[in-house]
Amino acid sequence: FNLGDLLLKTGGNKDSVRYYLNKSLEDIPIEGKTSCLKSLYNLEKENGDYKTANIYLEEQSAIIDSLYHMEQSIQQLIYEYNTKMQVKEEQIKGNRIVRNTITGFVFVCFLIILIYQNRINRKKRLQLQYKQSLEQTQNKLSSLETTIENNQLMINLLKQKQNNL
């Protein structure tokens with residue numbers, strides 16, 4: 001292609017230019033064919049063969065349109081992929097938020113249960129202390145009642161002795 005294009009620009013042999021450009025159409029990728037077809041179009045236009053020139057121009061336009069539509073399709077696929085990725089990331093974030101919320105809720109419930117259980121245990125300990133204190137007081141009371149009875153008996157005995165004397 002480069003040799004044919006160079007011959008075209010320098011005004012070389014038109015048949016050699018046509019040969020190299022046609023030969024390069026078979027070998028180069030589709031992106032390079034547009035430049036080659038443009039050069040062939042210019043060559044045929046200079047020669048006055050407008051029918052062949054138009055064929056080359058139509059082929060070039062078809063390739064350019066095809067490349068443009070392919071690029072548009074690729075851009076659309078990229079956009080769809082990016083959109084899907086963003087949706088997926090938002091779903092992951094949403095799931096993470098839900099998991100964190102549930103974990104936090106369970107933790108708070110566990111904490112409330114521990115606090116409530118601690119209060120219940122403290123009340124039970126206080127009740128047990130009050131019960132033990134009550135038992136001790138009742139034991140002291142009964143001991144004092146026994147002492148009072150013994151003292152009453154002693155007093156009565158002493159009074160009897162005094163009366164006897």
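Helices, taken as DSSP runs of H or I with at least four residues, are numbered here from the N terminus, and L114 lies in helix 4. The model is predicted, so that local features need pLDDT of at least 70 and side-chain atom pairs count only at pLDDT 80 or more, while totals for chains, interfaces and linings use all residues. Residues are numbered from 1 along each chain as its sequence is written, and side-chain values use heavy atoms, with hydrogens and water left out.

**Helix 4**
- With an expected span of 1.5 Å times one less than its number of residues, the 115 residues of helix 4 should cover 171 Å, which agrees with the 167 Å between its end C-alpha atoms.
- Buried residues (under 20% relative accessible area, with exposed over 50% and partly exposed in between, for a 1.4 Å probe and protein chains only) in helix 4 include A53, Y56, Q60 and I63.
- L114, by contrast, counts as partly exposed because its relative accessibility is 41%.

**Nonpolar core**
- The largest nonpolar core, a set of buried Ala, Val, Leu, Ile, Met, Phe, Trp, Tyr and Cys residues joined through side-chain atoms within 4.5 Å, has nine residues, among them L25, Y41, Y56 and I63.
- Helix 3 (30–47) and helix 4 (50–164) each give two or more residues to this core, and the largest share, five residues, comes from helix 3.

**Y41 and Y56**
- Y41, placed in helix 3, is buried at a relative accessible area of 15%.
- Leaving aside residues up to four places away in sequence, Y41 touches A53, Y56 and L57, where contact means heavy atoms within 4.5 Å.
- On the same basis, Y56 touches N22, L37, L40, Y41 and E44.
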